[in-house]
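Subject: Structure handover

Hi,

Here is the structure I promised to pass on. Please open it alongside this note, which goes through the findings.

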Amino acid sequence: MTIINNNIKRIYTKIKKYDKIVIARHVGPDPDAIASEIALRDSIRLTFPHKSCAAVGLSVSKFKYYGILDKIDNEDYANCLLIVVDVPNLHRVDGIDNLKYAEILKIDHHPKEDIDGKFDWTDDTACSTCQMITELILKSPLKMDTKIAGNLYLGIVSDSDRFLLPYTTPKTFKIVEELITKSKIDFPKLYNYLYDRSIDEVRFQGFIAMNLKVTENGLGYLVIPSSIVKKYNVDIATPSNLINNFNFIKEVIVWTFITEDIKNKSYKVSIRSHGPIINSTASKYNGGGHKYASGARLTSEEEINKFIHDLDLVCLEYKRASISNID
Ligand SMILES: [Mn+2]
């Protein structure tokens, strides 16, 4: 097989060269992060059975379906090739403390930040890292099986919010078409793994809908105290899992959930946008991410107020700019 794409050729060459490979992703993983690290690991194992390849990071029980993550002995993996997926900054990579890697290689669809891999394949026009991994496998001698294909499909569907977000491109559909055709996955069956919800979570979503505050400028926001998280029997990651479900509200152009995290003495923040660019605001508050989907961390009530005020201004400026464009 001749590899045409240069990025793919370089990544494949590196994978071929190393006998020890560790794959890692960001802390607080989502389906795209988990699916991309596990799918790439399984494909490398399938193609090169003699290599030691591990996918690391804290396991999350609700993502068990994708596969089991590896606990590694750092000594065993000394001088390995480290591949980081779905994360642009080193301090957010999970499970690589004290790992002595020979080279780092990055595959990611977030805007570039501080990880400068020896080789860096960043494509911030890709809807998901899974889209990139799918392309990598389809266009190189790396092998695919039904399980790998299913994982990749779920990562793509989840990160593009069912092909709804603006990062969904004709290329996304082309790659998905090829993925489905070649692997013959039963994709409607897979949706249960993404969209089945507990009644607690559904009731909690009702709480958010009932209590979301909406400003005149189109900012929807809600501060969620830990007592509420406890009362509804959910966890502090639940609001960020639910945030995309609020993307259809006419009066709202930017929305954010600010959840109290007692353990870390801070507030976990998720932000989404229908137009205003929000990652610059997120990075002012110990966070970052995509233009229209970001996260942040806040430490005090005073900071929460400042953050809400800042985001509201972003909405106001966006509205003003849209009106003057019409003129
Ligand atoms: Mn992603």
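**The parallel sheet**

Asp 108 has Thr 122 in E5 as its bridge partner. Bear in mind throughout that this is a predicted model. The bridge partners sit in two strands that run parallel: E4 (residues 101-108) is joined to E5 by 4 bridges. Helix H1 (residues 6-17) packs on this sheet. H1 touches strand E1 (20-24), strand E3 (80-85), E4 and E5. The direction of H1 makes about 135 degrees with that of E5. Helix H2 (residues 31-47) packs on the sheet as well, touching E1, E2 and E3. Here the angle is about 170 degrees, taken between the directions of H2 and E2.

Now the sheet as a whole. It is open, has 5 strands and follows the order E2-E1-E3-E4-E5. The pairing is parallel. Strand E2 (52-55) and strand E5 (119-122) are at the edges. Each has a single partner strand, so one side of each has no neighbour in the sheet. From one strand to the next, the twist averages 15 degrees.

**The mixed sheet**

Another open sheet is formed by 6 strands, in the order E6-E7-E8-E9-E11-E10. Its pairing is mixed. The edges are strand E6 (213-214) and strand E10 (288-289), each pairing on one side only. Strand E7 (residues 219-224) and strand E8 (residues 254-261) run parallel and are joined by 6 bridges. Look for Ile 224, which stands opposite Thr 259 in E8.

**Cores**

How many residues does the largest nonpolar core have? The count is 57. Those with the most contacts inside it are Ile 21, Val 22, Leu 82, Ile 83, Val 84, Ile 133 and Leu 152. Take Leu 152. Leaving out residues up to four places away in sequence, Leu 152 touches Ala 35, Ala 39, Cys 130, Ile 133, Thr 134 and Leu 179. A second core is separate and has 27 residues. Among them are Val 229, Tyr 285, Leu 311 and Val 314.

**Domains**

The chain is divided in two: domain 1 covers 6-195 and domain 2 covers 202-326. Their C-alpha centres lie 28 Å apart. Domain 1 gives 4 residues to the contact and domain 2 gives 5. Which classes of residue make up the domain 1 side? There are 2 polar and 2 charged residues, and no nonpolar ones.

Best wishes

Definitions and conventions: Residues are numbered from 1 along each chain as its sequence is written. This is a predicted model: local features need pLDDT of at least 70, side-chain atom pairs count only at pLDDT 80 or more; totals for chains, interfaces and linings use all residues. Domain bounds come from an automatic or database domain assignment. Two residues are in contact if their C-beta atoms, placed from the backbone, lie within 7 Å. Ala, Val, Leu, Ile, Met, Phe, Trp, Tyr, Cys and Pro count as nonpolar, Asp, Glu, Lys and Arg as charged, and the others, Gly among them, as polar. A nonpolar core is a set of buried Ala, Val, Leu, Ile, Met, Phe, Trp, Tyr and Cys residues joined through C-beta atoms within 7 Å. A residue is buried if 20 or more other C-beta atoms lie within 10 Å of its own, exposed if 12 or fewer, and partly exposed in between; C-beta atoms are placed from the backbone. Two strands pair if DSSP finds at least two bridges between them. Axes are lines fitted to C-alpha atoms, for helices over the stretch in contact, and angles run from 0 to 180 degrees between N-to-C directions.
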